[in-house]
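Visitor: I've got a model open here and a few things I'd like to ask. Could you walk me through it?

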Amino acid sequence: MLEERENKEPEMNPFQKNESKETLFSPVSTEEVPPQPPSPPKKPPPKICGSNYPLSIAFIVVNEFCERFSYYGMKAVLTLYFLYFLHWNEDTSTSVYHAFSSLCYFTPVLGAAIADSWLGKFKTVIYLSLVYVFGHVIKSLGALPILGGHMVHTVLSLIGLSLIALGTGGIKPCVAAFGGDQFEEKHAEERTRYFSVFYLSINAGSLISTFITPMLRVVFAMGSKIYKKPPPEGNIVTQVIKCVWFAISNRFKNRSRNIPKRQHWLDWAAEKYPKQLIMDVKALTRVLFLYIPVPMFWALLDQQGSRWTLQATKMNGNLGFIVLQPDQMQVLNPFLVLIFIPLFDVVIYRLVSKCGINFTSLRKMAVGMILACLAFGVAALVEMKINEMALLKSGPQEIFLRVLNLADDEVKVTVLGNENNTLLLESIKSFQKMPHYSKLHLNTRSQDFHFHLKYHNSSINNAHFVEEKSWYTLIIREDRENISSMMVKDEESKTVNGMTSLRFVNTLHNKVNISLDTAISLSVGEDYGVSTYITVQGGEYPAVHCKTEDKNFLLNLGLLDIGSTYLFVIANNTGQGPQAWKMEDILANKMSILWQLPQYALVTAAEVMFSVTGLEFSYSQAPMSMKSVLQAAWLLTVAFGNIIVLIVAQFSGLVQWAEFVLFSCLLLVVCLIFSIMGYYYVPLKPENIQETSDKHIPHVHGNMINLETKKTKL
């Protein structure tokens, strides 16, 4: 009879009170519940050295160290890999870099859904780690020069990055929340400190992986037997979305003024969903509302690997005892994090507390935003100073010209034409180093330039074709008893990434083969042959091996500064064998890379105050069933932050310093909005969330039939 009544629509009870339009049924037991024997006391999990910290978190922290070791080691060189290996321009490299970073923080939503509804946190971390490793393998294959052409490298790189994004993003919301699950509620203070140690392990892995990048994924599995493994609680993400959608649609259907209002808009889901879920979603939406301004912070923080690295390529990394590469400057961030986390936790926060200031989590995050604004203000000042030292840019219908006299006596050079005939008034001596280029004006975008050369008692007229916005060297050479000239196009921009650019002019009558090291060699044709530009690492080159058909000899190239471009003339005009005569085409980067230290210090302090605090805040404000969901939502804000950078990089059209100022101002406005929102936010303690849930949801044991709330007709 009970089964028949379950299948029927509930009928109207004549004794039912008329105040309510709906009948709520309590769960009914199908059989008498036998008394439950008292459960044996749970064995406490093993602790670390007698403390309140579970031993299992040691494996979680070490695993996170290894994962970040792998991720940041690859990401540190990613922008320069796009720039120099795939030969993309700076804006495309920046955009793809942030598109990848964004994807890494979109996939946590997928990881949270898999963990909560299917595999659980532990198995999700294990299985997606295998995807992660496979992505690294594909990405490494795409970087092999011998494997296919440019298209193959691009496709393999993008496939590998997609798998890495799925792997790293999928496990992100699980690892931090899984570590929090290992603690009992009475050890909330230890759990808060765990998140600081967890973030410390992230940056320790990042610090070391800037130089070395292996993929260690076995440590996490070693702690399998001692983990607390909460079982999957159903597809929480789907339940949240359906609950919110039903509440909105139900409220829309019941717009009549005759229907009583409800205390909260989510209460309109009560007809279909349990109150426990509704209470949890209420807590979730309160925190998600606070997350709306957060992506702007990540838009600034994540530019360390893109725009700041590109800025470093225009600076001098030679510190005397070591030469820093531009991508190695990123090591400052994790290094400073390792210093700042204990400094802030043990010293700064305690001093602020002793001063009677209630430095809440939201206030820490707001101060972090302000520090990030200051960091980008400093970055803008550095960029402006770099621009002051940069090369002059030739405009429309303009060129820059330099004359190199390789004849045995001085030559008088005259540029024919009304606008340019006053240039080069002085005679140019043999092998005279010209201190600078001269700007010449064209009548059209390209034309023939006519030069008059006076050498001894001879006069020669030559014409050379030039194009606007270019740099040229007019080389005057001996031609039997007379002279002639040739025009060569010069490098127009500085080299980057700790490299130096150089080329050779060979005045000998034999071809010269030059070996700069085991991997770099080139040939220069005889009788004033000019080589192409090659790039080498900056440093001392006292003995470069050279070879002609009949003899071998050494050239002393001296010190090659980072960012410079050199022209070497191989000549034998001293009677002591062939020698290299050096001329600096483009001066070295003069601004030291150490000027980036202040901006890195500020942005790292901002990260410690914002990111570490936000990670713990997200966990503490989430109901037990929503831990992974809220962690995923926190990581999702990083994805949207990278999308902001991608859009600005592609469509702003601003010079770099102005772009830095734009980001700083935008975050300042967002910080004001976030502060106002945080002022009205009342943080919830975990025990309060549990007490509220217990008050609304009775604990039912035994074999129960769960009946959904159904509407009845009056």
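Visitor: Let's start with Ser664: does Ser664 count as buried or exposed, and why?
Guide: Bear in mind that this is a predicted model. Ser664 sits in helix α17, residues 656-679. Buried means under 20% relative accessible area. Ser664 has 13% relative accessibility, so Ser664 counts as buried.

Visitor: Which residues is Ser664 in contact with, leaving aside its neighbours within four places in sequence?
Guide: The cut-off for a contact is heavy atoms within 4.5 Å. With those sequence neighbours set aside, the partners of Ser664 are Leu300, Cys373, Phe376 and Gly377.

Visitor: Which helix gives the most to the largest nonpolar core?
Guide: That core has 116 residues, and Phe100, Phe297, Met626 and Trp634 have the most contacts inside it. The top contributor, with 13 residues, spans 361-389: helix α14.

Visitor: And how many residues are in the second, separate core?
Guide: Val413, Met434, Phe451 and Met487 are among its members. This core is separate from the one just discussed, and its residue count is 22.

Visitor: Back to Met626: what is Met626 in contact with, beyond its neighbours within four places in sequence?
Guide: Met626 is one of the residues with the most contacts inside the largest core. Skipping those sequence neighbours, Met626 touches Ile236, Val240, Leu277, Asp280, Val281 and Leu284.

Visitor: Which residue takes a positive phi in the hairpin of β6 and β7?
Guide: Strands β6 (446-455) and β7 (458-467) run antiparallel, joined by 10 bridges. Gln447 stands opposite Val466 in β7. The hairpin has two residues between the strands, and the one with a positive phi near 55° is His456.

Key. Residues numbered from 1 in each chain as written. Predicted model: local features only at pLDDT ≥ 70, side-chain atom pairs only at ≥ 80, totals over all residues. Heavy atoms only, no water. Core = buried A, V, L, I, M, F, W, Y, C linked by side-chain atoms within 4.5 Å. Buried < 20%, exposed > 50% of the residue type's maximum accessible area, 1.4 Å probe, protein only. Helix = DSSP H or I, 4+ residues; strand = E, 2+ residues; numbered from the N terminus. Pairing = 2+ DSSP bridges.
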